[in-house]
Amino acid sequence: LLQLYAPLNFLGFVYREIKHSLADMEKMFTLLGQNAEIKDSADALPLQAQRANVRFENVDFGYENNRQILHGVSFEVPAGHTVAVVGSSGAGKSTLSRLLYRFYDVSSGSISINGHDLRALTQGSLRQHIGIVPQDTVLFNDTIYYNIAYGQPDASREEVIDAARSAHIYDFIMSLPDGFDTMVGERGLKLSGGEKQRVAIARTILKNPPILIFDEATSALDSKTERSIQAELKEISANRTTLVIAHRLSTIADADEILVMEAGRVVERGHHRALLAANGVYARLWSMQQHEAEHAPGDKPVDAI
Ligand code: ATP
């Protein structure tokens with residue numbers, strides 16, 4: 001029986017490893033947003049830009065032919081500026097970031113970087129220019145070092161450590177028994193939402209792209225973590241062309257422009273103050289969120305309890 005047990009046990013191990021590798025591959029494809037329909041055109045050129053001007057011009061888009069999601073969306077993010085997109089769930093905010101990363105092609109209109117239509121660029125070079133801090137960061141079943149360095153195989157250990165420092169996750173990592181060699185992910189240490197976002201920020205710092213997409217987490221982090229993540233993002237978005245998909249208006253009050261979306265259309269745009277003064281959709285969303293914040297059980301000031 002023992003003779004049988006060892007190979008069976010080994011087979012079980014191989015099976016688990018394969019299953020986890022498949023899960024990793026699946027995550028990787030989700031992460032890379034592989035969409036087989038999007039192919040480089042024969043004469044696609046590599047994008048080479050230190051600074052990037054992003055422009056959406058009259059963009060229509062639907063995931064399926066019979067359901068249009070975006071209707072004539074136009075906006076520009078000048079190099080180094082920050083544009084934030086707000087609006088109710090399903091309005092089409094995240095769709096904008098998926099199109100900019102070219103997971104999908106627009107149905108009509110165009111998206112360009114420095115005047116180059118995305119469809120004329122190689123996907124590899126486009127994605128090398130964009131850093132994404134997603135709502136929910138995918139962690140691989142590997143070390144925290146691997147997870148930060150992921151996608152930048154040429155990065156030196158010093159660069160990875162510097163990126164962790166800049167993302168304010170270095171002290172946390174050093175407090176772990178195995179430091180940077182600590183296994184994370186489903187089979188290792190589970191990180192909190194804030195820690196996972198910091199890993200994503202460190203990845204982005206290491207990548208050093210001219211364009212940044214920040215998809216704010218829908219589920220609120222605790223307010224202290226939220227504030228410090230915001231401060232870190234402000235640091236890394238300085239001088240980068242940044243698109244913020246925002247769920248909490250308090251985090252984007254100082255954006256260069258705010259787009260308010262409803263059912264796939266931009267219905268208002270401008271600075272925070274101007275939008276409040278206009279007393280429209282944004283002002284309503286703002287007062288709703290202020291009201292919610294005042295009544296959130298965890299966020300009451302101490303003297304009110
Ligand atoms: P939230 O604030 O909830 O994240 P959002 O404004 O970012 O919402 P999107 O994710 O852009 O909204 O979705 C816009 C619409 O597109 C929704 O109606 C959604 O159901 C639809 N949609 C999103 N992804 C897909 C997909 N892969 N296939 C088909 N429809 C999709």
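Me: What percentage of the protein's 305 residues count as buried?
Reply: Keep in mind that this is a predicted model. A residue gets the buried label if 20 or more other C-beta atoms lie within 10 Å of its own. Across the 305 residues of the protein, the share that counts as buried is 31%.

Me: And how many helices and strands does the protein have?
Reply: Helices and strands here are DSSP runs. The tally for the protein is 10 helices and 10 strands.

Me: How are helix 7 and helix 8 oriented to each other, roughly parallel or roughly antiparallel?
Reply: Helix 7 covers residues 193-207 and helix 8 covers residues 223-237, and their axes come within 11 Å. Those axes cross at roughly 5°. Angles under 35 degrees count as roughly parallel, so helix 7 and helix 8 are roughly parallel to each other.

Me: Which residues of helix 8 make the contact with helix 7, and what's the mix by class?
Reply: On the helix 7 side you've got Gly194, Gln197, Ile201, Thr204 and Ile205. Helix 8 brings in Thr225, Ile229, Glu232 and Ile236. By class, that contact comes to four nonpolar, four polar and one charged residues.

Me: Where does pLDDT stay under 50?
Reply: The protein averages a pLDDT of 85, and 84% of the residues score at least 70. Where pLDDT is low, the predicted coordinates shouldn't be read in detail. The model has three contacts beyond four places in sequence for the stretch in question, and that stretch with pLDDT under 50 is residues 299-305.

Definitions and conventions
Residues numbered from 1 in each chain as written. Predicted model: local features only at pLDDT ≥ 70, side-chain atom pairs only at ≥ 80, totals over all residues. Axes fitted to C-alpha atoms, helices over the stretch in contact; angles between N-to-C directions. Helix = DSSP H or I, 4+ residues; strand = E, 2+ residues; numbered from the N terminus. Parallel < 35°, antiparallel > 145°, perpendicular 65-115°, else oblique. Contact = placed C-beta atoms within 7 Å. Nonpolar A, V, L, I, M, F, W, Y, C, P; charged D, E, K, R; others polar. Buried ≥ 20, exposed ≤ 12 C-beta atoms within 10 Å, placed from the backbone. pLDDT = per-residue confidence, 0-100.
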